[in-house]
Structures are given as C-alpha cells and as structure tokens.
Amino acid sequence: MKTTSLLKKIGLPLLSAMFIASILISACSKQDSIEIKNQWVRASNDGQDVSAAYMTIVSNEDTNLIAIDSDVADVIEIHSMSMENGVMKMRMLDTLDLIAGKPTELSPGGFHLMLFDLKKPLNAGNEAHFTLHFRNKAGQEKTISVTSAIKAEAP
Ligand SMILES: [Cu+2]
C-alpha cells in the first residue's frame, strides 16, 4: 500500500523530531520548575473537622509558598512543629521559604499544611485537590495543582 510505505518513510523521522522537540521544551520549562512529590492527606477522625496535608516540594529557584486552596477545606495554614523544652509546639508560618534545589519536606512532626473547617470528612482511599501559590523574590507568582491521596496513616 502506498500510504503505509509513506507513513513508514515519514512517520519515524517525524516522531523522533517531535520527541526531540518535546525534550527541548521540557528542558526550557525546567528552568523555573517546582516539583511536588510524596503528597498525601491524613484521613479525618469522626467528628473532627481538622486534618493535615504532607508533601515534598522542590523548587529550582528560591521562592516562597504563600497560600493554599483546596476542595476539602475552607482554611489552610502553613504550620511548623518543633520540640521546645520537651513540649511539641505547633506554630503558624506566614510563608514557607524554599531554597533552590533543596527538597522541603512537609511530614508528620515537622512542617505541614493544617486543614481547618473541612467541607466533608476525609475518608481514606479518596483524593483531595490542592492549589499551591508561590511567589519568588522578584515578585513573580506561580500556581501548582496537586492531587493527594487520603490515607489513614503515613505511607
Ligand atoms: Cu498544625
């Protein structure tokens, strides 16, 4: 068939050209990328409307996490947790500083996103969606969307 042989002739170089182009594009956009991984949300307990979300954030430029929206909670605060004189203290932060290339871990016992006024109970096995707002030193803002699995305990 004519069309088949034509496809064979043109298809492969075209595909590889597209592949190379996509690599170039991702290499360019990587210059100011923010990566989110290991994200999860703790399932809420019966009768409680608070919970916490965890994740690892890696930005390749210095920036700040300044605000968070979600479909599961009306109010979300950035909290830190630390031991002070033998007592665990939780503190609200205005922003979370992110240093270029350094993974910032939000995990139980450390930084976390505190969810208040849950819109509905968070059941293990479901998902929650978050929109993270960042602002760098130059004042440029960036938004990243994240889907987190709801889990009964730390993975
Ligand atoms: Cu907290």
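In this predicted model, 70% of the contacts in the protein with a separation of 6 or more are accounted for by residues 24 or more positions apart. Buried residues make up 21% of the 155 residues in the protein. The protein has 1 helix and 10 strands. Reading from the N terminus, the helix comes before the strands, in the order α-β-β-β-β-β-β-β-β-β-β.

A good place to start is strand β2, which covers residues 51-59. This strand is largely enclosed by the rest of the structure, because 7 of its 9 residues are buried. Strand β2 also takes part in several pairings. With β1, strand β2 runs antiparallel, and 6 bridges join the two. In this pairing, I34 stands opposite S59 of β2. Strands β2 and β7 pair over 3 bridges, again in the antiparallel sense, and here T56 stands opposite E105 in β7. Strand β8, residues 112-118, pairs with β2 in the antiparallel sense, over 3 bridges. One position to look for in the structure is S51, which faces L115 in β8.

From β8 the eye can travel on to strand β4, residues 73-84. These two strands pair in the antiparallel sense over 6 bridges. Within β8, L118 is the bridge partner of A73, while M114 stands opposite E77. Strand β4 is also joined to β5, residues 87-93, by 7 bridges, and the two run antiparallel. H79 stands opposite M92 in β5. Together β4 and β5 form a hairpin with 2 residues between them. One turn residue, N85, has a positive phi of about 50 degrees.

The strands also come together in the nonpolar core. The largest such core has 24 residues, and those that touch the most other members are A53, L65, L113, L115 and A128. At least two residues of this core come from each of β2, β3 (63-70), β4, β6 (96-98), β8 and β9 (127-136). The largest share, 5 residues, is supplied by β2. This fits a general pattern: in soluble globular proteins, nonpolar side chains tend to be buried together. L65 offers a helpful view into the core. Leaving aside neighbours within four places in sequence, L65 is in contact with I57, I78, T95, L96, L98, L132 and F134.

Two loop residues give a contrasting picture. I99 is placed in the loop between β6 and β7 (104-106). I99 counts as exposed because it has 12 C-beta neighbours inside 10 Å, and a residue with 12 or fewer falls in that class. The C-alpha atoms of I99 and N64 are 8.6 Å apart in space, although these residues are 35 residues apart in sequence. G139 lies in another loop, the one between β9 and β10 (141-151). With 6 C-beta neighbours inside 10 Å, G139 counts as exposed too. G139 and T63 are 76 residues apart along the chain, yet their C-alpha atoms are separated by 9.2 Å.

The backbone angles hold a few further points of interest. Most residues other than glycine have a negative phi. Against that background, N38 is worth a look, with a positive phi of about 55 degrees although it is not a glycine. N38 is found in strand β1, residues 34-42. With 14 other C-beta atoms within 10 Å, N38 is partly exposed. D117 is another residue other than glycine with a positive phi, near 55 degrees. D117 is found in strand β8. D117 counts as exposed because it has 11 C-beta neighbours inside 10 Å.

Definitions and conventions
Residues numbered from 1 in each chain as written. Predicted model: local features only at pLDDT ≥ 70, side-chain atom pairs only at ≥ 80, totals over all residues. Pairing = 2+ DSSP bridges. Helix = DSSP H or I, 4+ residues; strand = E, 2+ residues; numbered from the N terminus. Buried ≥ 20, exposed ≤ 12 C-beta atoms within 10 Å, placed from the backbone. Contact = placed C-beta atoms within 7 Å. Core = buried A, V, L, I, M, F, W, Y, C linked by C-beta atoms within 7 Å.
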